[in-house]
Amino acid sequence: MKVCLFTDTLGDLNGVSRFIQDMGEQAAQHCDEAFELQIVTATAKPIPDAPYIHNLPRLFRLPMPFYQELDLVLPKTNALRTFLTEQQPDQVHISTPGLFGWAAKREAEKLGLPLFGTYHTDFPAYLWDLTRSRWVKKQTDRTMAKFYRPFRHVFSRSDTYLEIMENDIHLKQAQISTLFPGTNLQKFHPRHKNRQA
């Protein structure tokens, strides 16, 4: 099975980027020919140099309002379509609902590819905290619902988000589940403890 994972954030310093990088490393090290993970982004930021990571050309990028550390990037549609056509994935996993995620979703739908996703960040709550506007929260909930509703399955990064996904974005209970983080025991091991500290 080949999965192409599309993400708006891969070279950024945040938990989503780190999680996706770790997932790619683990898949490359521990999966056999029966499973293949390709990670796809479109960024000007430095990203890991690995054969399973692809950086598509961009039309433009701009800092995300209220979250200047993250870029909104629109990829070249023909490059996105060509990539999907050449890779012929069995599934498309979209990890972020930014411009790149929306573009990947649109092209995957045109090709009739099954969609899966991860709800990493509660953007409606984030914007509510910033604006205290019920209208902004409601519109962001609607946008998230429109993005995730066609997905066959949406993973949450915590059990807490399951209730939000069900009640605020109206995803079906059978459509959502928690994707628990793993721990790389080569990196996080007592042998790395600095006993002088």
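Helices, here runs of at least four residues, and strands, runs of at least two, are taken from DSSP and numbered from the N terminus. With that numbering in hand, Arg132 can be placed in the loop between α4 (123–131) and α5. The structure discussed here is a predicted model, and it is convenient to begin with the chain as a whole before returning to this loop and to other individual residues.

The chain contains six helices and nine strands. Its radius of gyration is 17 Å, close to the 16 Å that the globule rule gives for 197 residues, so the chain is as compact as a globular protein of that length. Along the principal axes, the C-alpha trace spans about 50 × 45 × 35 Å. Of the 197 residues, 45% are buried. Contacts were also sorted by separation along the sequence: among those between residues at least 6 apart, 59% join residues at least 24 apart. The accessible surface amounts to about 11,300 Å², and carbon and sulfur atoms account for 54% of this area.

Charge is the next topic. The chain carries 24 positive and 21 negative side chains, and the centres of these two sets lie 4 Å apart. Side chains of opposite charge can pair when their charged atoms come close. A search of the whole structure returns 10 salt bridges, and three of the pairs are described below.

One of these pairs is found in helix α1 (residues 15–30), where Asp22 and Arg18 sit four residues apart, about one turn of the helix. The two side chains form a salt bridge, with 2.8 Å between the closest N and O atoms. Both partners fall between the cut-offs of 20% and 50% relative accessible area: Asp22 is partly exposed at 29%, and Arg18 is partly exposed at 37%. The pairing also belongs to a wider arrangement, as Arg18, Asp22 and Glu25 are linked in a network of salt bridges.

Helix α3 (residues 99–110) provides another pair, Lys105 and Glu109, again four residues apart, about one turn of the helix. Their side chains meet in a salt bridge with an N to O distance of 3.4 Å. Here the partners fall into separate exposure classes. Lys105 has a relative accessible area of 7%, under the 20% cut-off, and therefore counts as buried. Glu109, in contrast, has a relative accessible area of 38% and is partly exposed.

A further salt bridge joins Asp168 to Lys137, with the closest N and O atoms 3.2 Å apart. This pair links distant parts of the chain: Asp168 lies in the loop between α6 (159–167) and β9 (176–178), while Lys137 lies in helix α5 (residues 134–148), and 31 residues separate the two. Asp168 is partly exposed, with a relative accessibility of 29%.

The loop that holds Asp168 also draws attention for its backbone. His170 is found in this loop, between α6 and β9, and its phi is near 60 degrees, a positive value in a residue other than glycine. With a relative accessible area of 53%, His170 is exposed. Arg132, in the loop between α4 and α5, likewise has a positive phi in a residue other than glycine, with a value near 55 degrees. The relative accessibility of Arg132 is 53%, over the 50% cut-off, so this residue counts as exposed.

Two buried residues complete the description. Asp71 is located in strand β5 (residues 67–75). Although Asp71 has an acidic side chain counted among the negative ones, its relative accessibility is 10%, and it counts as buried. Asp71 and Gln88 are 17 residues apart along the chain, and their C-alpha atoms are separated by 28 Å. Ala50 occupies a place in the loop between β2 (36–41) and β3 (53–55). A relative accessible area of 15% makes Ala50 buried as well. Ala50 and Ile39 are 11 residues apart in sequence, and the distance between their C-alpha atoms is 9.7 Å.

Terms used. Residues are numbered from 1 along each chain as its sequence is written. This is a predicted model: local features need pLDDT of at least 70, side-chain atom pairs count only at pLDDT 80 or more; totals for chains, interfaces and linings use all residues. Side-chain values use heavy atoms; hydrogens and water are left out. The radius of gyration is taken over C-alpha atoms; the globule rule is 2.2 Å times the number of residues to the power 0.38. Buried means under 20% relative accessible area, exposed over 50%, partly exposed in between (1.4 Å probe, protein chains only). Contact means heavy atoms within 4.5 Å. Accessible areas come from the Shrake-Rupley method with a 1.4 Å probe; for residues, only the protein chains shown count as cover. The place of a charge is taken as NZ of Lys, CZ of Arg, CG of Asp or CD of Glu. A salt bridge is a side-chain nitrogen of Lys or Arg within 4 Å of a carboxyl oxygen of Asp or Glu.
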